[in-house]
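Me: I'm new to this one and would like to go through it slowly. Could you take my questions as they come?

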Amino acid sequence: EVKQKGRDGWHFFNDSLEQKVRQRLSVTQGLRLAIERNELSPRFQPIVCADSGRIVGAELLLRWFPQDGEISPAIFIPIAEMTGAIVALGLWVFRQACLAESAWRQRWRDSAPSYISVNVSARQLNEESLADDFSRILRETGADPRRILLEITETSLMADIDTNLRILRRLADLGMRVAVDDFGTGYSSLAQLTRLPVNVLKIDRAFVDGIDTQSENRAVNRAIVGLARALGLKLVAEGVENIEQLLELRALGCDYVQGYLFHRPLDEQSFIGRFSRELEEQSVAAAEPPLFF
Ligand code: C2E
Ligand code: MG
Ligand code: MG
Ligand code: MG
């Protein structure tokens, strides 16, 4: 029953659809003010060496805390993409990544994490001014572009390959690196992948999940490891939650992992504390800092 007589008139939606429409509307309105209301906050999830567990980099993940709680990026990012709000949000996020890169390199010098990665939506790649805006923000913050990794999902990369190729070349010319996020969930052709200036593949969590129990997932991961090798790309596995998954990934030759087994996304102070402690422990062992790039 689509049409229903309610106390305050006719309802054309069942409750859940109506709720979704309401939610979308309030998210849209709320997002418009989120930046100036200081409701956004970056989290940094460490990315570690699969062998040593040492931190090589971090992914910036956006968090939104409106007055009445927290809304997940899985909900507000797609809405922001639909409404175009992602363009302003994306610039804010990119600035946060650059500020962190700059501050961490001043704090830790040569021992600083090798890179910070930041998610970039397809919608942002369609903005003609993106490269100029990123370039300006890099300059203003003093961030080292070679230590910024731009994560773009496989699906959005392949959706408009010619436009993306042009814009990615400009971003790569600025010195930044590019990762294919959620790799394995879209449909890359090898020919297209080799045309793009890509440095890193991130294996989607869906394939890491069950890698220890499902032989198809293991086969997919093995194929991705082989592909990364053949193309000379770095490989990161996402969503590693248990030791069995880690052992499988190690055995396949995946060098870097990210997941709750090691670290959850951390606020910047916690990240700084955790990384500092790691450096202190290592200075005892006098080990070289692990490099990603
Ligand atoms: P993503 O870029 O693929 O990020 C990885 C997601 O997996 C994050 O979810 C992270 O918290 C989660 N994760 C990491 N390790 C584990 C694990 O061991 N187990 C499980 N179950 N999950 C794990 P999050 O932070 O909720 O973000 C969801 C998605 O929202 C991201 O997926 C990304 O596509 C998007 N997103 C987040 N921040 C931004 C942003 O600043 N800009 C854009 N454009 N998208 C963003
Ligand atoms: Mg990502
Ligand atoms: Mg991902
Ligand atoms: Mg994802």
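Reply: Gladly, and one definition helps at the start: a patch is built from residues with over 30% relative accessible area and no salt bridge, and nonpolar side chains are joined within 5 Å. Please also keep in mind that this is a predicted model.

Me: OK, which residues form the nonpolar patch on the surface?

Reply: The patch is formed by Ile 243, Leu 247 and Leu 261, which together have about 240 Å² of accessible area. Ile 243 is placed in helix α11, which covers residues 243-252, and Ile 243 is partly exposed because its relative accessible area is 45%, a value between the limits of 20% for buried and 50% for exposed.

Me: Now the ligands. Which residues are closest to ligand 1?

Reply: Ligand 1 is surrounded by 21 residues, and the closest are Arg 63, Asn 119, Asp 181, Glu 241 and Tyr 260.

Me: And what are the distances to side chains there?

Reply: An N or O atom in the side chain of Arg 63 is 2.9 Å from an oxygen atom of ligand 1, while a nitrogen atom of ligand 1 lies 2.9 Å from a polar side-chain atom of Ser 121. Glu 238 also has a polar side-chain atom 3.3 Å from an oxygen atom of ligand 1. On its own, ligand 1 has 800 Å² of accessible area, of which the protein covers 84%.

Me: What coordinates the magnesium ion that is ligand 3?

Reply: Asp 181 and Asp 182 each coordinate the magnesium ion (ligand 3) through OD, and Glu 238 appears twice through OE, with distances of 2.1 to 2.3 Å. The spacing of these donor residues in sequence is D-D-x55-E. Asp 182 belongs to strand β7 (residues 177-183) and Glu 238 to strand β9 (residues 234-238), so this pair ties together parts that are 56 residues apart in sequence.

Me: Are those two buried or exposed, or something in between?

Reply: Asp 182 counts as partly exposed because its relative accessibility is 24%, whereas Glu 238 counts as buried, at 12%.

Me: And which protein donors does the magnesium ion (ligand 2) have?

Reply: The donors of the magnesium ion (ligand 2) are Glu 59 (OE), Asn 119 (OD1), Glu 151 (OE) and Asp 181 (OD), at 2.0 to 2.2 Å. Glu 59 in strand β4 (residues 55-64) and Asn 119 in strand β5 (residues 115-119) are 60 residues apart, so that pair links distant parts of the chain. Glu 59 counts as buried, with 3% relative accessibility, and Asn 119 counts as partly exposed, with 29%.

Me: How far apart are the magnesium ions, and which residue coordinates both?

Reply: The magnesium ion (ligand 3) and the magnesium ion (ligand 2) are 4.1 Å apart, and the residue that coordinates both is Asp 181.

Me: Switching topic, how many salt bridges are there?

Reply: The count comes to 16 salt bridges. One of them joins the side chains of Arg 250 and Asp 51, at 3.8 Å from N to O. Arg 250 lies in helix α11 and Asp 51 in the loop between β3 (40-49) and β4, so the pair ties together parts 199 residues apart in sequence.

Me: Which residues are linked in a network of salt bridges?

Reply: Glu 59, Glu 151, Lys 202 and Glu 238 are linked in such a network.

Technical notes
Residues numbered from 1 in each chain as written. Chains lettered and ligands numbered in written order. Predicted model: local features only at pLDDT ≥ 70, side-chain atom pairs only at ≥ 80, totals over all residues. Heavy atoms only, no water. Patch = residues over 30% accessible without salt bridge, like charges linked within 9 Å, V, L, I, M, F, W, Y side chains within 5 Å. Areas by Shrake-Rupley, 256 points an atom, 1.4 Å probe, with all protein chains shown as cover. Salt bridge = Lys/Arg side-chain N within 4 Å of Asp/Glu carboxyl O. Helix = DSSP H or I, 4+ residues; strand = E, 2+ residues; numbered from the N terminus. Buried < 20%, exposed > 50% of the residue type's maximum accessible area, 1.4 Å probe, protein only. Near = heavy atom within 4 Å. Polar contact = N/O pair within 3.5 Å; in protein donor to acceptor, adjacent residues only side chain to side chain. Donors = N, O, S within 2.8 Å, 3.2 Å for Na, K, Ca; no water.
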